[in-house]
Amino acid sequence: GVIELRWDVPSPEVLHELMREPLPLGLRAGPLARTFYRDIYFDTVDGDLRKRDVSCRLRFDLEDRRWLGLWVHGKLEPTAVFAGTSGPARRLRALVDPGHLLPRVELETERHVRPARWRLLPLARCVFTYDQVTVRALEGSFGFQELVVRGRRWAMPPVARLAPAIETQYALRAVSGDRRARAEELMSAVGSDQLARAVHSH
């Protein structure tokens, strides 16, 4: 399996500085590569999927290729979701009528990827990704940044061992929960702030 750990990065400027910083624990960095993708999360008006701890996502890449994914209690169920005879499709239809699904939040991610390895080992042991995320919703658009490290459980060094080194060397705060949940929390905070400003302006 793959382990993924994430940290909040306070600004786009700091994110770009991290791309040039040495990696922790003496890891060697491979070439930096850039990519982009857009995620749209679907739910009903009443949030029926969220109430069941289910996420339904449509992903677009730079070439407009598309992937559908269904997460049930945090586990990814890939392949076609809205229609068809696949297991995920049947489970989705058992939860809600797909005709009632609407786009609830959109995340655009500009990602820079940097593979990492030990100096004497030729293969990448884990991957550092530097994500600039733009959230688009009815409440408006805003952004946040994350450093993400992914590696297989058998990777050396273990990804979990990298966590304290990253937090010490880069002075970052770990974040938990999925990215959609973080975006929704930020949307709620933005909405509350807008409401407070509207109240104070009257």
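Start with the whole protein chain: five helices and ten strands, where helices (H or I, at least four residues) and strands (E, at least two) are DSSP runs numbered from the N terminus. This is a predicted model, in which local features need pLDDT of at least 70, side-chain atom pairs count only at pLDDT 80 or more, and totals for chains, interfaces and linings use all residues. Residues are numbered from 1 along each chain as its sequence is written, and side-chain values use heavy atoms, leaving out hydrogens and water.

Colour by burial next. Of the 202 residues in the protein chain, 40% are buried (under 20% relative accessible area, with exposed over 50% and partly exposed in between; 1.4 Å probe, protein chains only).

Now select residues 159-170, which is helix α4. Its twelve residues span 16 Å from first C-alpha to last, close to the 16 Å expected at 1.5 Å a residue (the expected span being 1.5 Å times one less than the number of residues).

Show side chains for Val159, Leu162, Ala163, Ala165, Ile166 and Tyr170: these are the buried residues of α4. As a reminder, an α-helix has 3.6 residues a turn, so residues three or four places apart point the same way. What do the buried residues of α4 pack against? Bring up β1 (2-9), α1 (12-20), β8 (126-137) and β9 (140-152).

Zoom in on Leu162, which sits in α4. Leu162 counts as buried because its relative accessibility is 0%. Then pick Leu5 as well: the two are 157 residues apart in sequence, yet 9.4 Å apart in space, C-alpha to C-alpha.

Last stop: step just past α4 to Ala171, where phi is positive, about 55 degrees.

Key: Contact means heavy atoms within 4.5 Å.
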